[in-house]
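Biologist: Pick one residue in this model and walk me through its surroundings in detail. After that, carry on to whatever else seems worth a look.

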Amino acid sequence: MSETTSTREEKKPPLDGRRTLPPNNSNDEENEVPEVDPFGLIPRGFNPKDYLRVVDIYMFKDPHEINKQQHHTDKYYNPKLIVRRGQPFQIQIDFNRPYRPETDQFWLEFLMGRYPQQNKGTYIPIIVGNVLKPGEWGAKITHRENNSIRLSIMSSATCIIGKFRLYVAVWTPFAILRTRRNPATDTYILFNPWCQQDAVYLDDEKEREEYVLNDVGIVFHGNVEDVKSRSWSYGQFEENILDACLFLMDKAELELSGRGNPIKICRVASAVINSRDDNGVIAGSWNNSYDYGVAPSAWTGSVDILLEYYSSKQPVRYGQCWVFAGVFNTFLRCLGIPARLITNYSSAHDNNANLRLDFFLDDEGKVDTRLTKDSVWNYHCWNEAWMTRPDLPVGFGGWQVVDGTPQETSDGMYRCGPASVQAIKHGHVCFQFDAPFVYAEVNSDIIFSRMEKNGTQVIEKIDTTHIGQLIVTKEVGGDGMVEITEEYKFREGSDEERLALETAVMYGVKKQTTRDTTYQPQTDVDMDFQVQKAVLGNDFKVTITFRNRSRNSYTANTYLSGNIVFYTGVPRSEFKKHSFSAKLEPSSSSSFDVVIKSSEYMSDLLEQASFHFFVTARINETGKILAMQKATILEIPTLRIKTKGELVAGKEMSVIVEFTNPLKQTLENVTLRLEGPGVLRTIKKEFRSIPVNSTLTWEVKCIPIRPGFRKLIASLNCDALRHVYGELNVQIQKP
């Protein structure tokens, strides 16, 4: 007896004293789920076959069927269902007899990993209800016929990414009966750039087609005087690539519960793409000898590399920066995170992140290789991934630098990012992750110096323009090159550029001046700015106020940058740039107004009409920097909803939706939607145009089905105006 006990003990996974369950970081492992889960003792005559029983589950998982079509996953060479989160998908369940909602009770269970837990998002029970809430788990019956029902299932817009196992559970008085484990019903859930509530939401369809669905790309290489290009096959839809990408997260030991967060996924992936310190995907080699492997330049795409790693679990030899970036791009696009490959020409590899590359010269003026540790790469490839950054202040979402090439350690591992491109441009490098390193890659100065015999250092030359001269990526929808240098930095030599540099220094980037002076923040001048409350379509002003507490007169070179941002804080475009010189009299306050005209922002305006302003100023006399940023939102008009007639279940009533166009332009191709669960089904109506200042009235007749407290919800949508809503609570009486 003791022997069998001990063998059973051995099979248990090793526990540690910190947690009751071992870490749940493998998407591949499974637990056993009982087909009959008794509530207690089961009476003798209990026969499961007497109850509702699932005969078959149909997943609509072929590429031409509704799910893969609607979820943009029809290109995946994978027989299983693949859907994107935060968007409904359909399944059909065939029972052994017609489903009777009054007496029968069943629910769905999605499970992931070996230790599924509800609070970790790895065990998801879904009760069938009447209404699907956007972006929340739920299911509703859309069709019943004979023994079959059709379900529409909504996944959470923040749920875990990966492969879930599906069970259908039926309640009986004595036990829960589950379907048998069936791999054919496994469901992959991916990120959804088409869903507004997803952290990777991207609003431009052409960009989604390029950055998520395009499976080939261009790598730009060569050098700044001689740009060369080559194609790279990402192959994110090829057979087994999706499984290989999920395996990378298992390899990185990312807890399953963290896999809904693109920030975490990018961070661990940037480490596991390279083989340093974790036996990751690709072994780098920069020494021109590629024994027992493939030369980096020989690869034509990511598929071979990922499949070889997936099967051998050993690093694939060899890669250099564009190989790391190409494979990383495949990984990101495959999981549904919009991504693009970037090339930075004359890229600084700075060993001590002090914004200067030190080249030491010997007596003859040649570079002393013994002393010189820093290097300039002809070009360096990294990736940008698109996501919100709720962990940072508003305005720093959007494109994030992630880099899988092993250069420097970050938190003890070779990895880099995600670092906000917007933060790098404005010098706000205090925000995680690794922004100072990327800032240095595009902004360092090259300093040539010579040691005198007595040990003093003589600076011979400072080159401030060489590093990061040209930053490029492939154009959307074509094979051409598009320059994005100014997304990373202001124009070389401009006031804004020096301002961003000084901001970066203020935030802790080491910038050794030639005198090695320490940086001291400004204390005798304060700056603040206010944004006037404004209604969509009107002009408004930004007022910048300086308070000079000193007895000196100062002049402040001031720069205002206005960006249109998504409601998630992701910037879309800079619509206002304004520089001016402010005279600050001693011991006084002075205010300066900057007018923002509606014509400047209306053409680029995003749905939630949010703006983000950066104001930076440099006091010329002291060289001190003042920097501030604020987000602001314009007032958006709403829809008005009224009802007419008695509000009684089973009796006809009217719902009236009204909207007045507040803009200085005619609204065209307007879509109105109205719904109210239990009152009326979703109704959609198109209006050709709504002229300026005119009011649209739409009356809908309906017969409410259920009494009780209900909500009517309406929305208006057109290219010029989005996120216009109205809602009304109604009490439907019993007849």
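**A serine and its surroundings**

Modeller: Let's start with S654, which is buried at a relative accessible area of 6% (buried means under 20% relative accessible area, exposed over 50%, partly exposed in between, using a 1.4 Å probe and protein chains only). Keep in mind that this is a predicted model, where local features need pLDDT of at least 70 and side-chain atom pairs count only at pLDDT 80 or more, while totals for chains, interfaces and linings use all residues. Residues are numbered from 1 along each chain as its sequence is written, and side-chain values use heavy atoms, with hydrogens and water left out.

S654 sits in strand β35, residues 653-660 (helices, H or I of at least four residues, and strands, E of at least two, are DSSP runs numbered from the N terminus). Skipping residues up to four places away in sequence, S654 touches K642, T643 and K644, as well as E699, V700 and K701 (contact means heavy atoms within 4.5 Å). E699 is the partner to zoom in on: 45 residues separate it from S654 in sequence, yet their C-alpha atoms are 6.5 Å apart. The side chains of S654 and E699 also share a polar contact of 2.9 Å (a pair of N or O atoms within 3.5 Å; within protein, one must be able to donate a hydrogen and the other to accept it, and residues adjacent in sequence count only if both atoms are side-chain atoms).

Now for the annotated site. An unreviewed UniProt entry puts "active site" at C321, H380 and D403 (positions follow the numbering used here, feature names are shortened, and annotations may be inferred rather than shown by experiment). These residues spread over 83 residues of sequence but cluster in space, with a largest C-alpha distance of 9.9 Å.

H380 belongs to strand β18, residues 375-387, and D403 to strand β19, residues 398-403. Why do both count as buried? H380 has a relative accessible area of 0%, and D403 has 1%. Their side chains make a polar contact of 2.7 Å. Neighbours within four places in sequence aside, the contacts of H380 include C321, D403, N344 and E441. D403 in turn has H380, W382, R415 and E441 among its contacts.

L332 is another buried residue, at 0% relative accessibility, and lies in helix α7, residues 321-335. With neighbours within four places in sequence left aside, L332 is in contact with C266, I337, A339, A385 and V402. L332 and I265 are 67 residues apart in sequence and 9.0 Å apart, C-alpha to C-alpha.

For a helix pair, try α4 (residues 241-251) and α6 (residues 303-312), which pack at about 55° with axes 9 Å apart (axes are lines fitted to C-alpha atoms, for helices over the stretch in contact, and angles run from 0 to 180 degrees between N-to-C directions). The two helices are therefore oblique to each other (under 35 degrees is roughly parallel, over 145 roughly antiparallel, 65 to 115 roughly perpendicular, the rest oblique). Among the residues that meet here are F247 and L248 in α4, and L306 and Y310 in α6.

Zooming out, the protein has twelve helices and 40 strands, and buried residues make up 53% of its 735 residues. Of the contacts between residues at least 6 apart in sequence, 67% join residues at least 24 apart.
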